[in-house]
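Here are my notes for you on this one, point by point. Have a look at the chain first, then read on.

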Amino acid sequence: MAGKLMQALQYDSYGGGAAGLKHVQVPVPSPRHNEVLLKVEATSINPIDWKIQKGTVRPFLPRKFPFIPATDVAGEVVEVGTGVKNLKAGDKVVAILSHPTGGGLAEFVVADKKLTVKRPLEVGSAEAAAMPVPGLTALYALTHHAGLKLDGTSKQANILITAASGGVGHYAVQLAKLGKAHVTATCGSRNIDFVKSLGADEVLDYKTPEGATLMSPSGKKYDAVIHCATSIPFSTFEPNLSTNGKVIDITPGPSAIWTYAVKKVTMSKKQYVPLFLIPKLAEDLEFLVNLVKEGKMKTVIDSKHPLSKAEDAWAKSIDSHATGKIIVEP
Ligand SMILES: NC(=O)c1ccc[n+]([C@@H]2O[C@H](COP(=O)([O-])OP(=O)(O)OC[C@H]3O[C@@H](n4cnc5c(N)ncnc54)[C@H](OP(=O)(O)O)[C@@H]3O)[C@@H](O)[C@H]2O)c1
């Protein structure tokens, strides 16, 4: 593919939102030793993608401009590096790219063999591309941090999932139910039936006064909160937590880090856990793909957008009212 050009979207400075994305033609990248070149079939947008553009993690990301954003892709292998033995041209795969390199909003992308897994025919490209960042975040929050065993062998836990209608939340509800947890979820009124259909036992409308208290309608105290919404202080969660309850915050800001430090120093039994996703194992992604293959979990797609209109997908994600995942397809 050396010398061939491809369509891509990139930005060349911080800020600008959807209007800051430019359609360009750039060379198709070449896979290095441990990389595979994919023909992209679907890419999903995550809030971190436009937060990087906004400058939220400046000066660490992006490492340089211009930058092609997005990390969650599904596609077909077209070329492999000399060190790749487990994948070959023609394999259908799903991959998570690194945030420093990005590259997903393009017709072709290179992915690390360690974070690329084969995708069975039963799992479509859009439903696979939707999974990496939000699915792994939900998985790690529930298993590593909340201590839930997804084979259902742990003691029944009461779990609150905020923003259960979003990308992370909709996977978290389904995974928590696989772990036989009692799930209380929050979402807007238009999504109550949807979140119940994912398996939530009780649902709170976050825009009502009762919903804003986060109190379980059945009086349960939460052993863990998978906090996928933003801007809710620890003091709102605290009265609703069980004695050793934890709030696992997937969008930890500076005040959240302060709360974490205070809870540690005061040896509080109720804990606050900031979660930063560091995907390490292809097996975890494979585990999620297999759940979808076996019909134990599903991806819900909010909307699909062609690469030629990827800025609409970007704007929709910035709007933060998606139900499920936003997908771009070349
Ligand atoms: N730590 C990590 O590694 C990591 C990984 C993934 C995501 N994140 C972060 O996690 C957050 C969620 O990500 P996401 O992909 O799930 O976002 P998303 O898909 O954009 O979430 C949108 C959904 O959240 C709902 N929502 C918004 N505010 C809410 C509230 N206060 N209570 C209940 N529901 C609310 C919206 O419902 P309405 O339309 O009804 O308002 C909408 O359905 C983002 O801040 C993201 O950056 C962190």
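**Notes on a two-domain model**

1. Let's begin where the two halves meet. About 840 Å² is buried between domain 1 and domain 2, with carbon and sulfur atoms giving 52% of that area. Buried area here is the accessible area (1.4 Å probe) that two parts lose on being put together, summed over both. On the domain 1 side, Val300, His321 and Thr323 lose the most area to domain 2, together 43% of what that side buries.

2. A quick word on what you're looking at. This is a predicted model, so local features need pLDDT of at least 70 and side-chain atom pairs count only at pLDDT 80 or more, while totals for chains, interfaces and linings use all residues. Residues are numbered from 1 along each chain as its sequence is written, and side-chain values use heavy atoms, leaving out hydrogens and water.

3. Which residues make up each domain? Domain 1 takes in 5–130 + 299–329, and domain 2 covers 134–274; the bounds come from an automatic or database domain assignment. The domain centres, taken over C-alpha atoms, are 28 Å apart.

4. Back to the interface: 13 residues of domain 1 are in contact (heavy atoms within 4.5 Å) with 13 residues of domain 2. The rule finds 0 salt bridges across it. A salt bridge means a side-chain nitrogen of Lys or Arg within 4 Å of a carboxyl oxygen of Asp or Glu.

5. How many salt bridges turn up in the whole structure? The search finds 11. One of them pairs Lys92 with Glu76, with the closest N and O atoms 3.0 Å apart. Because Lys92 sits in strand S5 (residues 92–96) and Glu76 in strand S4 (residues 72–80), this pair ties together parts that are 16 residues apart in sequence. Helices (H or I, at least four residues) and strands (E, at least two) are DSSP runs, numbered from the N terminus.

6. Now some backbone oddities. Most residues other than glycine have a negative phi, and most peptide bonds are trans. Yet a cis peptide bond joins Leu61 and Pro62, with omega about -10°, and another cis bond joins Phe65 and Pro66, with omega about -5°. Pro62 is in the loop between helix H1 (47–54) and S4, and Pro66 is also placed in the loop between H1 and S4.

7. Is the phi of Lys180 positive or negative? Lys180 has a positive phi of about 60°, although it is not a glycine. You'll find Lys180 in the loop between helix H4 (167–178) and strand S9 (182–187).
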